[in-house]
Amino acid sequence: MERFESGAPGVSLLILRDGIPVVRRSRGLADLERRVAATPQTNYRLASVSKQFTAAAILLLVQDRKLSLGDSAGKFLPSLPASTRGITIAQLLTHTSGVIDYESALPRETAAQLHDSDVLRLLESHDSTCSLRFEAAE
């Protein structure tokens, strides 16, 4: 962590032993424009950078038979519009579901950083007649 400059983009480190934090450190800035320091509580918005980790975690759940790639997304997200009910986890992972890009549904004046729960609420409230860009691939 010493290699990271204090005025550079931030980094945080958490090391767990048996589920208990033994190291919590941060260095650098969480917000370069406002010069806000990174802390162990910093919520890093990773967006697309985390997709491969999410996919790997899902595949581990499939391997452990806790879910199936053929399961409906609605099984886990029942509050989404009816038009999305037939979409499978496999289609979500391969970007063949047709679910709209949430950024295209945001009001233009939106400036605040969204959290995942905000995105889910946005998709839940989206008119079911236009919640898909195309019909999901078979």
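A residue counts as exposed when its relative accessible area is over 50%, as buried when it is under 20%, and as partly exposed in between. Keep those cut-offs in mind while touring this predicted model.

**Stop 1: Lys 75 and Asp 71.** Select Lys 75. Its relative accessible area is 55%, so Lys 75 is exposed. Now add Asp 71, whose side chain meets that of Lys 75 in a salt bridge, with 3.6 Å from N to O. Asp 71 has a relative accessibility of 14% and therefore counts as buried.

**Stop 2: Thr 88.** Keep Asp 71 selected and add Thr 88, which is in contact with Asp 71. Thr 88 lies in the loop between α2 (73–76) and α3 (89–93). Is Thr 88 buried or exposed? Its relative accessible area is 18%, so Thr 88 is buried. Beyond its neighbours within four places in sequence, Thr 88 also touches Leu 69, Gly 70, Ser 72 and Ala 73.

**Stop 3: Arg 34 and Asp 31.** Which residue forms a salt bridge with Arg 34? Select Asp 31: the closest N and O atoms of this pair are 2.7 Å apart. Arg 34 is exposed because its relative accessibility is 64%. Asp 31, at 19%, is buried.

**Stop 4: helix α4.** Select residues 116–125, which make up α4. Begin with Arg 121 and Asp 118, whose side chains form a salt bridge at 2.6 Å, N to O. The two are three residues apart in α4, so about one helical turn separates them. An α-helix has 3.6 residues a turn, so residues three or four places apart point the same way. Arg 121 is partly exposed at 46%, and Asp 118 is partly exposed at 21%. The count of salt bridges comes to three.

Which residues of α4 are buried? Colour Val 119, Leu 122 and Leu 123. They cover an arc of only 95 degrees around the axis, which means they sit on the same side of α4.

**Stop 5: the largest nonpolar core.** Leave Val 119, Leu 122 and Leu 123 coloured, and add Leu 80, Ile 100, Ala 105 and Leu 114 to complete the seven residues of the largest nonpolar core. In soluble globular proteins, nonpolar side chains tend to be buried together.

**Stop 6: Leu 114.** End on Leu 114, one of the core residues. With neighbours within four places in sequence set aside, Leu 114 is in contact with Arg 45, Tyr 102, Leu 106 and Val 119. Val 119 is also among the buried residues of α4.

Technical notes
Residues are numbered from 1 along each chain as its sequence is written. This is a predicted model: local features need pLDDT of at least 70, side-chain atom pairs count only at pLDDT 80 or more; totals for chains, interfaces and linings use all residues. Side-chain values use heavy atoms; hydrogens and water are left out. Helices (H or I, at least four residues) and strands (E, at least two) are DSSP runs, numbered from the N terminus. Buried means under 20% relative accessible area, exposed over 50%, partly exposed in between (1.4 Å probe, protein chains only). Contact means heavy atoms within 4.5 Å. The arc is that of the directions from the helix axis to the C-beta atoms. A nonpolar core is a set of buried Ala, Val, Leu, Ile, Met, Phe, Trp, Tyr and Cys residues joined through side-chain atoms within 4.5 Å. A salt bridge is a side-chain nitrogen of Lys or Arg within 4 Å of a carboxyl oxygen of Asp or Glu.
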